[in-house]
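Me: I'm new to this structure and would love a close look at one part of it, the nonpolar patch on the surface. Could you start with the surface as a whole and then guide me around?

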Amino acid sequence: MAKSFRYSAHRLQLWFANQLADIAASFRYSTNGLTTAAKQGIATFFLLLCTWLPSQAQDYPRQTFDFDLFVQELFAQQEDENVPYEDFYETLFQYFQRPIDLNRTTPEELASLYILSRPQIASFFRHIRENGPLLSIYELQAIPDFDLITIYKLVYFVRVEDAGLSADQRPLWQRIVGEDNNALLLRYERTLQQRRGYTSVDTTSRSTTRYLGSPDKVLMRYRVSHTRDYSLGFTAEKDAGEQFTWDPATRRYGFDFYSAHLQLYNKGRFKTIALGDYQLQFGQGLLLSSGYTVGKGSETITTVSRPNVGIRPYSSVLEHAFYRGAAATYTLGRMGVTGFYSSKRVDANLQAQLDTLDNFGDFFTGIQTTGFHRTPTELANRKRVGEQIIGGNATYQSRNRTLLAGITAMATSYSSPIQKAGQPYQRFEFGGTSNYNISANYAYTWQNVYLFGETAISKSGGMGTVNGLTANLSNKVELAMLYRYYARDFHTFYGNAFGEGTRNINEQGFYTGIKIKPFAKWELTAYYDRFRFPWLRYRVDAPSQGDEYLLRLLFRPSRQSSLYAQFRAESKGRNVADNLTSIDYVGQANRKNYLLYYEFTPTPVVNLRSRVQFSSFELESPQTSGYFISQDINFNFSKVRLSTRYAIFDTDDYETRQYAFERDVLYAFSIPAFHGRGTRLYGMLQFRPMRRLDVWVKYALTHYRNQRTIGSGLEMIEGPRRSDIRVQTRYRF
């Protein structure tokens, strides 16, 4: 009875706060006849009520928000193993820990959440210009184009705060020492079964390569940060199979990989100052893209354009997708000028060649991005080539925030030349030691239409361009359209603009996305993408074309349950294997994916999730298929959280492999791929033995039917089972 009364009182408190917020918003629209003092007095009264009454209510949803489910819906269908999901997940979680102050934010910062469409962002700032800073978070309901489904997602990442009350004038070191967002994280992982790479060399076998280190994977990370003030941190990692050793001759000092950064914000005219490791994202990512991107998915509107976030701190463990050096953004009125310099060594297989002057020289065919240094060969390729990057960006934003325009220039050089292997599909690939790029980007908001684009050219003369628009056709319909063209000789090393391929080269396409909200609890999203590749590609020995489309229907009957069904189909050219002709010919590879997901929370303690997915693949041969069925039961207690899953999968081959999101330890993003026949079981326990200490323990077991081995090469396991354990601790100082 008491519990029911507290819940009802909580709902009444929320309702009353919402009504006050609506009254306050109405008051602000209709008080032209009152004096300034009267307006301020009444506004202060409403402000006190709106902030005091829901003070506990605002904390409640943030404590129960299912962050994993939010990210899972954003990545509803995973098919690309090269997408840096973990980097995106970590950045969103930083926003969750330190919400954005809506009265001090920028359009690009709001866009980086991938929750609001650009017309919604424009409507938000128009509301601020006409009515002044927000008085309460509940005033979001009074902004045109904001619906409840969007607001429910947004409130976990934003806040309304008085800047004067939160300003901290203490020296930097004192602010760092006193910061509560200050934690040391330790993670340990291991596969319990022995893999071939850790066994003794078999003298009867032709393969004598083995891993040099232990099967333990260890990660250590420390970071302290405060929104719009500073970020300081370091990361150290040793992958499974790598040695933990001190050897200056091979540039190894304990852990195999280190990363550190110091980033300061709003220091006089300097908007950002970065030292150490950092990332850059300007324009639509044709030249500089930090990896903080989503691509094509069930979110068909907000993820099409890229936010112009500028300099970002780097604290991930990807050992290639970052810059190492210094960068700074300086403001000159409405203009922001950024300069950056990076110098680091990259992995490459240097080879000797005889040049035209009969002198020996070294070259490499491309940068190795796996980050593994486990075998003698991988270790020999570690940090063999020096890379230097220098460049700058100038960005202008109009006073009313409707126009953004910028120009970017950069130069990249390597200590040894790149020389491809000479395959026909590599004919127009980059070769040499240096590359130069320049680009221009724009973004313009006109009423409910947002226009954006970027055009770039490389040293070879090849051009790349991406242009698009998003529009709110009505309160219930949103539309996105995008055209891209990347020439076959367009070269960019750190670009990752919207596209079908993993790199922005040799591609032309047109994308159309739509989102319809016919009723309050229903949402329909869809996209169609048509693309072509004018030149040959890897495993495609002729010019090819294809298309892709997705349809997703979401029904959210209450805050405690949601259901969605999704269908995705793709047709793309690929060499036909085992054909009877003298050369390979290109056929259309057709892939279809079906997904049904249901989530229900009957009580605050128990959460249930059911997932059924099916896929088929066909390429000039009999169709193959596969399916994955899982049931999750999750328990959320006050200090303990238990997540469990039991799943079965059955696929005919690797082409019909099934990707499925799994809950994981903090800052880890797990999307394993399953093929063959078997079952998957995992359990993850999260608890807090001390006030400042959090512990995660995850155990996962995959059992394959009718298989004597798992994997291949040095990763091969004898037997039908694979067990993985992951333990992580976080201590907050």
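What does the accessible surface of the chain come to, and what percentage of it belongs to carbon and sulfur atoms?

Reply: Happy to guide you! Please keep in mind that this is a predicted model. The accessible surface of the chain comes to about 33900 Å², and carbon and sulfur atoms hold 58% of that area.

Now to the patch itself. About 760 Å² of surface forms a nonpolar patch, and its members are Leu-332, Met-335, Val-337, Tyr-396, Leu-403, Tyr-442, Tyr-444, Trp-446 and Leu-451. Two strands each supply at least two of the patch residues: β12, covering 335-346, and β17, covering 432-446. Of the contributors, β17 gives the most, with three residues.

Let's pause at one of the patch members, Tyr-444, which is found in strand β17. Is Tyr-444 buried or partly exposed? Its relative accessible area is 33%, so Tyr-444 counts as partly exposed. Patch members need over 30% relative accessible area, and Tyr-444 meets that cut-off with its 33%.

With the patch in view, here is how the rest of the chain is laid out. The chain contains 11 helices and 35 strands. Of its 733 residues, 50% count as buried. Among contacts with a separation of 6 or more, 62% are between residues 24 or more positions apart.

Next, the interior. The largest nonpolar core has 35 residues, and those touching the most other members are Leu-102, Leu-113, Phe-124, Leu-140, Phe-146, Leu-154 and Phe-157. Four helices each supply at least two residues of this core: α5 (85-97), α6 (107-111), α7 (118-131) and α8 (148-154). Another core, of 32 residues, lies apart from it and includes Phe-282, Ile-301, Ala-443 and Tyr-527.

Finally, you may like to follow some strands further along the chain. Strand β24 (residues 561-575) pairs with strand β25 (residues 586-600) in the antiparallel sense over 15 bridges. In this pairing, Arg-568 stands opposite Asn-593 in β25. On to the next strand: β25 also pairs with β26 (residues 606-618), again in the antiparallel sense, over 11 bridges. Here Tyr-597 has Arg-611 in β26 as its bridge partner, and a hairpin of five residues joins β25 to β26.

To come back to your patch, find β17 in the viewer, then look for Tyr-444 within that strand.

Conventions:
Residues numbered from 1 in each chain as written. Predicted model: local features only at pLDDT ≥ 70, side-chain atom pairs only at ≥ 80, totals over all residues. Heavy atoms only, no water. Buried < 20%, exposed > 50% of the residue type's maximum accessible area, 1.4 Å probe, protein only. Contact = heavy atoms within 4.5 Å. Areas by Shrake-Rupley, 256 points an atom, 1.4 Å probe, with all protein chains shown as cover. Pairing = 2+ DSSP bridges. Patch = residues over 30% accessible without salt bridge, like charges linked within 9 Å, V, L, I, M, F, W, Y side chains within 5 Å. Salt bridge = Lys/Arg side-chain N within 4 Å of Asp/Glu carboxyl O. Core = buried A, V, L, I, M, F, W, Y, C linked by side-chain atoms within 4.5 Å.
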